[in-house]
2 protein chains.
Amino acid sequence: MPNKQRGHGGRVTLGDIAADVDLSAAAVSMALRGNSRVSAETQKRVTEAAERLGYVYDRGAAKLRTGQSDTIGIIVGDISNAFFGELVAGVDAAIAPAGKISFLLNAREDVDRQSQLLNRLREHGVDGIILCPAPETDEATIEEIRHWGIPIVQMLRTVADTSGDWVSADYKTGVEALCEHLVRRGHRRIALIGGELEHSATWQRHTGYRAALKRNGIEADLIYRCPLTRRAGRHAIGELLTSETPPTAAVCYNDVVAFGVIAGLRENGIEPGKDFAVTGFDNVEEAAESWPPLTTVATHAREIGDAAGQLLLRRINEPDASREQIIVPTRLIVRQSCGAAAETPQTKHNQKLENAAPRSA
Amino acid sequence: MPNKQRGHGGRVTLGDIAADVDLSAAAVSMALRGNSRVSAETQKRVTEAAERLGYVYDRGAAKLRTGQSDTIGIIVGDISNAFFGELVAGVDAAIAPAGKISFLLNAREDVDRQSQLLNRLREHGVDGIILCPAPETDEATIEEIRHWGIPIVQMLRTVADTSGDWVSADYKTGVEALCEHLVRRGHRRIALIGGELEHSATWQRHTGYRAALKRNGIEADLIYRCPLTRRAGRHAIGELLTSETPPTAAVCYNDVVAFGVIAGLRENGIEPGKDFAVTGFDNVEEAAESWPPLTTVATHAREIGDAAGQLLLRRINEPDASREQIIVPTRLIVRQSCGAAAETPQTKHNQKLENAAPRSA
DNA sequence: TTGACAATGTTAATCGATTAAGCAAGCCTT
DNA sequence: AAGGCTTGCTTAATCGATTAACATTGTCAA
């Protein structure tokens with residue numbers, strides 16, 4: 001039985017391997033990293049010995065020397081939103097080829113917690129940060145991180161300045177497409193529901209809403225701000241329906257709000273998709289599976305994550321390259337909730353795209 | 001203007017502070033850690049200088065020396081499940097007082113990816129791991145981690161052996177409570193829907209189902225296995241309804257499946273909550289806000305996370321303490337989906353418990 | 001034959017924080 | 001007054017991986 005570990009506390013180090021194959025630790029290091037200064041044969045011997053002894057690379061020690069941790073941090077506002085799962089998967093896919101891995105942190109939409117987390121990432125010496133800024137994050141925060149010398153890419157949202165790198169979905173165009181679609185179907189009183197917090201993703205939607213309605217000669221005065229929950233959506237539609245000239249359609253901030261609105265409509269005896277048009281945003285799994293199937297806009301989370309990862313890698317490698325802003329296009333998905341015909345070609349097509357991932361413990 | 005950084009690559013180190021206050025780096029280290037061997041006055045001077053120079057603690061370097069990284073890893077199967085957000089928040093709350101922080105990794109219910117992630121955590125030298133094992137994880141895996149010398153706590157699910165530390169919800173009792181409730185309301189043909197993958201959380205539910213029905217002299221033969229998605233739930237109920245003696249009630253694996261079943265019932269012209277009873281599990285936000293409000297069992301995610309964090313800390317500090325298994329009780333929440341009276345006291349009470357967290361970017 | 005140059009390593013310094021061991025000055029005790 | 005304890009630091013070694021600079025051997029062209 002080969003002795004698994006040498007003198008010290010259980011960990012197998014380069015030195016242990018070196019002793020085993022009768023080389024210097026330096027040579028072992030080079031061999032393991034594929035440095036061409038060691039012969040192929042030695043490389044093989046070293047690799048085998050490492051395997052045999054149960055060697056574990058110590059990233060922390062390596063980082064101390066190289067300054068690279070091969071680790072990036074991702075901070076999002078709400079882990080529980082299904083959307084972010086995909087986003088992170090996209091980032092991982094992008095950075096994996098570079099040998100980097102990501103750690104996910106949850107800021108819970110709170111600036112204070114966000115800055116705590118940023119500090120932790122700094123102490124841990126991450127190579128870069130992907131941040132989905134909490135509301136009220138100011139430009140100074142981003143600037144400070146940059147000043148720390150840590151590359152940072154903003155994702156989904158951007159703080160006021162937008163001078164840095166960021167990747168976002170095309171919220172404006174998405175909302176415009178929804179509005180145009182509703183107008184084509186004859187709606188004139190279209191409400192925009194949701195979006196309490198001030199950040200770029202909010203005002204981009206508002207801008208799209210205003211632009212589309214204006215283009216069609218409709219006054220864009222039905223913006224109802226509320227939190228992004230089912231409950232709020234349900235409540236909002238209840239209030240809107242009491243007005244003198246209630247809307248006939250609602251463009252919701254996201255799918256979650258739309259589901260709330262649908263529940264609220266039912267509560268008021270109105271059948272969503274027949275008597276009233278509802279649209280969402282994001283195309284979460286549930287959108288296709290609930291009743292009526294929800295007309296929405298797909299924001300390609302995975303692509304956005306991937307782009308953010310790529311951008312961050314680039315910034316890490318070329319800190320002084322010119323800033324880049326990427327807008328990932330969205331796609332309108334028409335289903336029944338906006339009063340579409342029961343069987344449009346799109347509907348069939350989109351249902352095929354669904355994937356069935358387990359969702360609970 | 002005090003010179004922000006000394007010679008090297010921008011990072012302020014203990015040595016820089018030492019130079020500033022005219023002490024040795026060792027003294028500075030001790031001062032910052034509150035070692036009583038340095039005078040109070042010196043401690044103050046050092047703290048101030050650290051602040052002024054913009055010192056950032058280098059956890060990686062410290063870990064190299066001490067062997068402690070003050071970092072723990074959490075691996076879950078599906079980040080996008082809302083449940084896990086709370087779980088992680090609970091863990092964070094538990095470990096924060098010990099000065100530790102957590103990193104969240106997504107195994108996507110895949111054993112291979114899970115073992116990749118475990119290796120990464122090992123390379124990073126985490127102090128401990130909280131694992132929600134992917135299906136088909138075997139005891140050997142857990143044993144190996146323990147062999148690595150890394151404390152590990154299983155959460156929500158456990159692999160076959162259960163000899164280690166773990167924290168779980170009381171799935172068995174929860175399902176029993178649901179079944180008993182349905183039986184009391186007169187149901188005799190009760191289906192259990194969902195639970196394809198083999199792990200403890202699955203068979204605990206099955207055990208509870210069988211126990212409750214047997215106790216009431218009902219044959220427990222309506223177990224329908226399927227993935228944990230809306231789509232699967234919708235499909236499942238469609239199939240079950242075609243049988244000769246279709247069920248009159250469905251106990252679903254979790255809330256997500258229940259929502260699918262509800263959609264499927266509507267599709268078949270059956271009104272959930274009136275013509276057919278449906279129950280869920282987890283009590284996600286949507287349970288109270290959808291229509292009809294869902295009868296379900298609350299699994300206190302935050303508490304579970306908290307318990308797992310505590311347990312891990314204990315294991316880190318006392319590696320040889322006796323193993324502990326914690327079962328966190330659940331709570332039955334009766335709403336309308338099981339055909340309850342429209343306004344039960346529980347319903348009102350539970351709706352008050354809802355919190356309104358934003359759910360999208 | 002000799003000097004240049006590959007090829008293949010080795011030596012030693014380094015990253016930043018921690019801590020055991022050492023040391024000087026002051027104070028106390030017997 | 002001599003030895004012993006405190007107090008408050010300093011010195012130097014250490015964690016594990018990396019890499020610049022140097023060393024050895026062999027090959028080949030001039």
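**Protein–DNA and chain–chain surfaces in a predicted model**

In this predicted model, α4(A) gives the surface near DNA strand D its largest share, namely five residues. The surroundings of DNA strand D comprise 26 residues, and the closest of them are A:L14, A:A26, B:S24, B:A26 and B:A27. Both protein chains take part through helices: α2 (25–32) and α4 of chain A, along with α2 (25–32) and α4 (59–66) of chain B, each give two or more residues to this surface. As for the chemical make-up of the surface near DNA strand D, 13 residues are nonpolar, seven are polar and six are charged.

We turn next to the helix pair that includes α2 of chain A. Two packed helices are described by the angle between their axes and the distance between the axes. For α2(A) and helix α3 (residues 40–53) of chain A, the axes come within 9 Å and cross at roughly 95°. This angle falls in the range of 65 to 115 degrees, so α2(A) and α3(A) count as roughly perpendicular to each other. On the α2(A) side the contact is made by A:V28, A:A31 and A:L32, which meet A:T42, A:Q43, A:V46 and A:A50 of α3(A). Five nonpolar and two polar residues make up this contact of α2(A) with α3(A), with no charged residues.

The contact between the two protein chains comes next. Chain A and chain B each bring 63 residues to it. On chain A, at least two residues apiece come from α4 (59–66), α5 (82–95), β2 (101–106), α6 (111–123), α10 (230–241), α11 (255–267) and α12 (285–289). The side of chain A that touches chain B contains 27 nonpolar residues, together with 17 polar and 19 charged ones.

How are the two chains related? Two copies of a chain are related by a rotation about an axis and a shift along it. Here, a turn of 180° and a shift of 0.1 Å along the axis lay chain A on chain B with an RMSD of 0.2 Å. Such a relation is that of a two-fold axis. In keeping with this, the same surface serves both copies, as 100% of the contact residues of chain A recur in chain B.

A closer look at one residue of chain B completes the picture. B:N254 sits in the loop that joins β8 (249–252) to α11 (255–267) of chain B. Is this loop residue buried or exposed? B:N254 has 28 C-beta neighbours inside 10 Å and therefore counts as buried, the threshold being 20 or more. From B:Y55, B:N254 is separated by 199 residues in sequence and, C-alpha to C-alpha, by 48 Å in space.

How values were computed. Residues numbered from 1 in each chain as written. Chains lettered and ligands numbered in written order. Predicted model: local features only at pLDDT ≥ 70, side-chain atom pairs only at ≥ 80, totals over all residues. Contact = placed C-beta atoms within 7 Å. Helix = DSSP H or I, 4+ residues; strand = E, 2+ residues; numbered from the N terminus. Nonpolar A, V, L, I, M, F, W, Y, C, P; charged D, E, K, R; others polar. Near = placed C-beta within 6 Å. Least-squares fit on C-alpha atoms with pLDDT ≥ 70 in both. Buried ≥ 20, exposed ≤ 12 C-beta atoms within 10 Å, placed from the backbone. Axes fitted to C-alpha atoms, helices over the stretch in contact; angles between N-to-C directions. Parallel < 35°, antiparallel > 145°, perpendicular 65-115°, else oblique.
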